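This report takes a brisk look at one protein model. Start with the picture, then read on about its pocket and its sheet.

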Amino acid sequence: MAAIDSPAVVAVRGRGLFIGMEFHPGIIAAAEVCERLLGHGILTKETHRNTVRFAPPLTISKPDIDEVTARIRDMVSEIHLNRTRRVRRAS
């Protein structure tokens with residue numbers, strides 16, 4: 001997840017499978033990220049308004065991790081693209 005390159009992602013912290021992803025509060029709130037990921041079947045926990053906590057089962061497979069990471073990357077890109085379009089329209 002640390003390889004996700006987006007202005008929406010401020011930092012990725014954690015050890016092993018327990019990861020927190022901090023989002024830029026001016027771009028998206030953690031609650032919205034959690035709701036969008038839930039729509040993709042990914043359960044997460046919002047913490048501190050702009051951080052999403054990931055704690056997958058310890059039995060998760062590498063292909064599952066890769067799939068979740070791809071879904072998160074796509075969601076972050078979509079959010080950033082939509083926010084950028086809104087800002088341009090408002091200008």
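## The pocket

A pocket here is an open set of grid points where a 1.4 Å probe fits, with protein on both sides within 12 Å along at least five of seven lines; a lining residue has an atom within 4 Å of a point. Keep in mind that this model is predicted.

The largest pocket has a volume of about 270 Å³. Its lining is made up of 14 residues. Nearest the centre lie M1, F54, P56, I60 and V68. What classes of residue make up the lining of the largest pocket? It has 12 nonpolar residues, 2 polar ones and no charged ones. Helix α2, residues 62-90, gives the largest share of this lining, with 3 residues.

## The sheet

Now turn to the strands. Strands of a sheet pair through backbone hydrogen bonds, in a parallel or an antiparallel way. In this model, 4 strands make an open sheet. Their order is β1-β2-β4-β3, and the pairing is antiparallel. Which strands stand at the edges? They are β1 (9-15) and β3 (45-47). Each has a single partner strand, so one side of each has no neighbour in the sheet. From one strand to the next, the twist averages 25°.

Look closer at one pair. β3 pairs with β4 (residues 51-54) over 3 bridges, in the antiparallel sense. Here K45 stands opposite R53 in β4.

## The helix across the sheet

Helix α1 covers residues 30-39. This helix lies across β2 (18-23), β3 and β4. Relative to β4, helix α1 runs at about 40°.

Definitions and conventions. Residues are numbered from 1 along each chain as its sequence is written. This is a predicted model: local features need pLDDT of at least 70, side-chain atom pairs count only at pLDDT 80 or more; totals for chains, interfaces and linings use all residues. Side-chain values use heavy atoms; hydrogens and water are left out. On a 1 Å grid over the protein atoms alone, a cavity is a set of points where a 1.4 Å probe fits but cannot get out, and a pocket is an open set with protein on both sides within 12 Å along at least five of seven lines; lining residues have an atom within 4 Å of a point. Grid points are joined across faces, edges and corners, and a volume is the space filled by probe spheres set on the points. Helices (H or I, at least four residues) and strands (E, at least two) are DSSP runs, numbered from the N terminus. Ala, Val, Leu, Ile, Met, Phe, Trp, Tyr, Cys and Pro count as nonpolar, Asp, Glu, Lys and Arg as charged, and the others, Gly among them, as polar. Two strands pair if DSSP finds at least two bridges between them. Axes are lines fitted to C-alpha atoms, for helices over the stretch in contact, and angles run from 0 to 180 degrees between N-to-C directions. Contact means heavy atoms within 4.5 Å.
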